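Notebook open, structure loaded. I want to go through the chains, their contact and the odd backbone spots, one at a time.

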Amino acid sequence: MVRSLLPTILQTLLHGLTVLLLPPLLPGLIAKTKALMAGRQGPPVLQLYYDLAKLARKRAVFSRTTSWVFLAGPVGGVAAGLAASCLVPFGHTPAPVSFEGDVILFAYLFGLARFLTILSALDTGSSFEGMGAAREATFSALAEPALFLGFAALAKATSSLSLGTMLVFPGSLATRFTGPLILILAGWVIVYLAENSRIPVDDPNTHLELTMIHEVMVLDHSGRPFALVLYGASLKLLVLGALILTPALPRAAQAWQNWLVFYLALGGLAVGVGLVESSMARFRMTKVPQFLVAGVLATGFAFLLMLV
Amino acid sequence: MKLYLLALLAAAASGVPGLWMRRRGGEVAVGLLGLAGVLGLGASLAVLSGGPGGSFALRTASLGTPGLLVVDPVAAFFAIPVLVLAFCGALYGLGYWEGRRGNTPALRLVYGLLVACLVLLVAASHILVFLLAWEGMAIAAFLLVMAEDREAETRRAGWIYLVATHTGTLFLFGAFALLARTTGQSGFAALPVGLAATGAGTALFALFLLGFGFKAGVLPLHFWLPPAHAAAPSHVSALMSGVLLKMGILGLVRFLSWVPDPPLWWGGVLVALGALSGLLGVAFALGQHDLKRLLAYHSIENIGIILLGLGLGTLGKSLGNPVMQTLGYAGALLHVLNHSLFKGLLFLSAGAVLHATGTRDLERLGGLGQRMPWTSGAFLVGSWAICGLPPLNGFVSEWLIYLGAFRGLGLGRQAWPVVILLSLALIGALALACFAKAFAAVFLGLPRTGAGAHAHEAPRVMLLPMGVLALACLAIGVAPLLLMPALGRVADALGPAAGAGLSSLGGLGAISGVALALGLLALLLWRWLRPVPQAGDLPTWDCGYAAPDARMEYTASSFADGLVRGLRWALWPVVHRPKVSGWFPRPSRYESQVPDPVLDRAATPSLRLTVKGAALLRVAQGGALPVYLLYVLLTLLVLLVWMVA
């Protein structure tokens, strides 16, 4: 009994450590890729770790307009992200918590984080943050159907409702990459870029421009709350990344091989996002809904293909 | 049964002492309603816990068959929100209404009568009792809506409500007449197998759907709902939205429970209506500036979610798929309870805002969170729950429906489950946007007018009921598993073994676990943030403006603008946008409204046309007696000629 439990505990421990320690690496990798593509040297890959350490020691500035709701955004974002991270399998290593219907909880935990972030932005009374919050609410209404249609297609393909099994697409790697899976992943990559406020939807590097969504919502955060915001954003990169990577990864026999594959894929994803960001410009705001609708259509077609 | 009858009596009598008691009438009424609540809840819980003698009946020899009143699990389940909200509303009314107006004793009396009618209605098992209670409920609610009848808007809302509810009742008369003819009984009884697929079955379904749809506020029969909810006193709005609408659902549940073999298309119709109500309800809510109207449109949305669940369950029943049936019906029923809790909470906190500021207009509020921390907390809990976000109760019921729909996907080429999934996902995202807008416009940022700046926290007697409802929302969200055995018994009424397997849903326990983990994490992070040293008293950094004020804030309308514009093909917003021109333009106003499509664009114009048409006939009605005598004579002559020929 102890013997069979031990690896599970180890896996869970590793899962937890990955969630806690790894996320800040991803924005660093993206930034490094972008810098290299642009012929610059760029900040060190570990820059976000330094930033977080610095912010954790800093005093915070609170506007006199704000109330406790202002802190609910950062707290809720990280808490919901951590809770969601327990539900998603990292590659082909099982998630610590898995049950029938966890996929819905997973999606709604991100909804919760979004709700609190929006409220916390509106708490400042700043018109810029209001603008960002309104855009976040508007665009997420389009991202949600894409996410759920993808889930529906996967549920149909695997007759399962648990992330742990439904993301594990049946068949070997070569036979898996047929129409539906490619369409699902294409739709979800759009959702991924939008949800993580990446180019071409949003630009996380500008902090004061009228065409921004997410960054403008956290304009007034500083010190420790801002550290939580930054960590929460990188956590989202990791957790949603695991969601799109898992169906596309090969399955290895050994646990350590699975972990290795997952880490490599995660790095690859970050580099990929960096490449996308270096190779294209941000859309005009009016184009964003069309981009998201493309995601809905892709997952919708995937679902239709599953029916026939 | 005795307990239940005593509860009925206590509720009915609650307003009576107040008629002659000058001082303590309100407290007595609250006490009696509390007593009714304790007695009624005792009776209901006894039935729901499946104790011996699960259902009580009151029989009379003369009326024969099954009995007049039966407290079965369905009745017991629907009685819970009635009793809880009735008590909370009455208590709240002490602070909200008492002493404000002259007609307090009358309001109290009618409120008690309404509660009694509702208690009677849920347990009615005889057509006559049901219709009498139904009519009593409708009239009592009309009187309550008319509480502030000095205002023209209220009178209009009241009349619209009265017309709508009676139109619905008319359909019910037809439906019950047909039912009595087909079953040969005047009590509630199951339909014979095979009837549902015939013409009579179709007629029954259509009539009941229309009759109960009016009460439940199913789109497009919802048009009475927003004005009535906005005009009624807030504790009455809470009762109307939380409980009264659910009587339409109760009716549908009763009807579905009599049908052993619903045709497949019934479920489809229910799902389609649910998707329509849900999506358009929340879309219209996004366009509203009036806080209580916004909440009323969200009631339509939630009725839509309930219908999606009922439709899913019915599809499962027709297909012989127990999983869809169980999860759909259980989700719908749980959402009935959940919605009554969080919508009651939202209406009560909206009432506290109205009480404190005297306005329901979102564009005139703002910044109330610092002055009314408890009310804002209550409203936040309500918003959180209604958006279906974990770990509150709204999530659990939506989760059940989602799960059922996902499971239904596995069944061949069924299109309905994916309709349900997509509707729920979109409704959830839009509701989130709408409640972020409502909460922020009222409680966050800076006060936009003096009304908001001089607000005061609601008195304790108003806060207490809000606290009770908020705790109930949290309790169901964190420990849903405890509710499942009772819910299973209620769902059983809707089909053979519909409640089977609910308690073994592993996810419910895991949801509790995740909820606790979420709370713990939030607490830890909060502790880490709290002692952060603060850097002085500073304004919001608004890109260099030294004195940001409320006029620069994002308003509720601007927040929702993107979505409303995206949905303009459905909403048809009316926008007044004066053209700004010249070097020194004059001050200008921008205005946008989202009128109700059915009431403002269809019902009112067509009725006006009818009245105009009727005016043409007035030529014949001159008021002169000789002319009328001439009509009689002519009629007799025509009849004579006809008979001879």
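How far apart do the end C-alpha atoms of residues 124-407 of chain B lie, and how much of the span is helix? I looked that up before anything else: the ends lie 35 Å apart, and the span is 77% helix and 0% strand. I picked that stretch because UniProt, in an unreviewed entry, lists residues 124-407 of chain B as "domain: NADH:quinone oxidoreductase/Mrp antiporter transmembrane".

**Confidence.** I'm reminding myself that this is a predicted model. It scores ipTM 0.93 and pTM 0.93. For chain B I noted a mean pLDDT of 87, with 95% of its residues at 70 or more.

**The contact between B and A.** I counted residues on both sides: 68 from chain B are in contact with 65 from chain A. Phe406(B), Trp528(B) and Tyr554(B) supply 10% of the area that chain B buries against chain A, and no other three residues give more. Between them the two chains bury about 6,300 Å², and carbon and sulfur atoms carry 76% of that.

Next I went after the polar side of the contact. I found 12 residue pairs in polar contact between chain B and chain A, both residues of each pair being at pLDDT 80 or more. Which elements of chain B give two or more residues to the side that touches chain A? My list reads α13 (373-386), α14 (393-409), α15 (416-443), α19 (506-529) and α20 (556-566). Of these, α15(B) gives the most, with 15 residues. Sorting the residues on that side of chain B, I got 49 nonpolar, 12 polar and 7 charged.

I then checked for salt bridges across the contact, and the count between chain B and chain A is 1. Its partners are Glu100(A) and Arg407(B), whose side chains meet at 2.3 Å, N to O.

**Salt bridges elsewhere.** Over all chains the count comes to 12. I looked at one inside chain A: Glu144(A) pairs with Arg114(A), and the closest N and O atoms are 3.5 Å apart. Why would I flag this pair as tying parts of the chain together? Glu144(A) sits in helix α6 (residues 127-158) and Arg114(A) in helix α5 (residues 102-122), so the pair links parts that are 30 residues apart in sequence.

**Transmembrane annotation, chain A.** I pulled the UniProt record, an unreviewed entry, and its "transmembrane region" annotation covers several stretches of chain A, including 137-157 and 177-194. I compared both with the model. Residues 137-157 of chain A come out 100% helix and 0% strand, with the end C-alpha atoms 31 Å apart. Residues 177-194 of chain A come out 89% helix and 0% strand, with the end C-alpha atoms 24 Å apart.

**Odd backbone spots.** Where does Pro200(A) lie? I traced Pro200(A) to the loop between α9 (179-195) and α10 (214-217) of chain A. The peptide bond that joins Ile199(A) and Pro200(A) is cis, with omega about 15 degrees. I also stopped at Ser197(A), which has a positive phi of about 45 degrees although it is not a glycine. Ser197(A) is in the loop between α9 and α10 of chain A as well.

Chain B gave me a cis peptide bond too, from Pro390(B) to Pro391(B), with omega near 0 degrees. I placed Pro391(B) in the loop between α13 and α14 of chain B. Both of those helices are on my list of elements that give two or more residues to the side touching chain A.

Methods:
Residues numbered from 1 in each chain as written. Chains lettered and ligands numbered in written order. Heavy atoms only, no water. Contact = heavy atoms within 4.5 Å. Buried area = accessible area lost by both parts, 1.4 Å probe. Salt bridge = Lys/Arg side-chain N within 4 Å of Asp/Glu carboxyl O. Polar contact = N/O pair within 3.5 Å; in protein donor to acceptor, adjacent residues only side chain to side chain. Helix = DSSP H or I, 4+ residues; strand = E, 2+ residues; numbered from the N terminus. Nonpolar A, V, L, I, M, F, W, Y, C, P; charged D, E, K, R; others polar. pLDDT = per-residue confidence, 0-100.
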